[in-house]
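Biologist: I am new to this structure and would like a close look at a single part of it. Could you take me through one group of charged side chains and explain how its members are placed and paired?

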Amino acid sequence: MTNDPINPAHYSKIQGLALEPLIMEAPYFLGAAIKYVWRCKKKGGAEDIRKARRCLELHLEGAPVPSPGALEAAEKFLDKARRAPRSLQITALIKLLFFGYHLDRVDKLPALLETLDTLEKALERGAYGGKA
């Protein structure tokens, strides 16, 4: 594995799913939360999940209206992700995307937070070989 500062390995595809189209037009803090969950297994571990949770809080405070391009990219990702093998990380990304673009669905927030908590604990236990 090379140390490429432009295309770092921790942002590589997950189960054939690409990060860049997903965050190109996403609201800033939602995109940041997505990136932290995306890289958690390869870079920051449990700390990345704590950072993602903080970015989600900031996203909720701002409640930005997403662009049509961001919604389209999210729908494409969700369609592909639902057909991919379901890891805890993919599940967290699906829930984060759904809630991040449907802030009116506050009933989905507890499930998202529970999934992030579970992923954080798994990373702390070293379940993915990432950092604690």
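**A charged network between two helices**

Modeller: A good place to begin is Glu124, which sits in helix H6, the helix made of residues 109-124. Please keep in mind throughout that this is a predicted model, and that every distance below is computed from it. Glu124 counts as partly exposed, because its relative accessibility is 41%. In sequence Glu124 stands 77 residues away from Glu47, yet in space their C-alpha atoms are 9.0 Å apart.

The side chain of Glu124 takes part in a salt bridge with Arg50, in which the closest N and O atoms are 3.3 Å apart. Since Arg50 belongs to helix H3 and Glu124 to helix H6, this pair ties together parts of the chain that are 74 residues apart in sequence. As for the background to such contacts, side chains of opposite charge can pair when their charged atoms come close.

Arg50 has another partner in Glu120, and here the salt bridge has an N to O distance of 2.8 Å. Glu120 lies in helix H6 and Arg50 in helix H3, which spans residues 46-62, so this contact links parts that are 70 residues apart in sequence. The surroundings of these two side chains can be described as well: Glu120 counts as buried, because its relative accessibility is 11%, whereas Arg50, at 37%, counts as partly exposed.

Glu120 also meets Arg53 in a salt bridge, with 3.1 Å from N to O. Because Glu120 lies in helix H6 and Arg53 in helix H3, the pair ties together parts that are 67 residues apart in sequence. Arg53 counts as buried, since its relative accessibility of 17% falls under the 20% cut-off used for that class.

Taken together, salt bridges with shared partners join Arg50, Arg53, Asp117, Glu120 and Glu124 into one network. Within that network, Arg50 pairs with Glu124 and with Glu120, while Glu120 pairs with Arg53 too. For the wider setting, the structure as a whole holds 10 salt bridges.

One further charged feature may help you find your way around the model, namely a positive surface patch formed by Arg82, Arg86, Lys95 and Lys108. Of these residues, Lys95 is found in helix H5, which covers residues 88-101, and Lys95 counts as partly exposed because its relative accessibility is 30%.

Methods. Residues are numbered from 1 along each chain as its sequence is written. This is a predicted model: local features need pLDDT of at least 70, side-chain atom pairs count only at pLDDT 80 or more; totals for chains, interfaces and linings use all residues. Side-chain values use heavy atoms; hydrogens and water are left out. Patches are made of residues with over 30% relative accessible area and no salt bridge: like charges are joined within 9 Å, nonpolar side chains (Val, Leu, Ile, Met, Phe, Trp, Tyr) within 5 Å. Accessible areas come from the Shrake-Rupley method with a 1.4 Å probe; for residues, only the protein chains shown count as cover. A salt bridge is a side-chain nitrogen of Lys or Arg within 4 Å of a carboxyl oxygen of Asp or Glu. Lys and Arg count as positive and Asp and Glu as negative; His and the chain ends are not counted. The place of a charge is taken as NZ of Lys, CZ of Arg, CG of Asp or CD of Glu. Helices (H or I, at least four residues) and strands (E, at least two) are DSSP runs, numbered from the N terminus. Buried means under 20% relative accessible area, exposed over 50%, partly exposed in between (1.4 Å probe, protein chains only).
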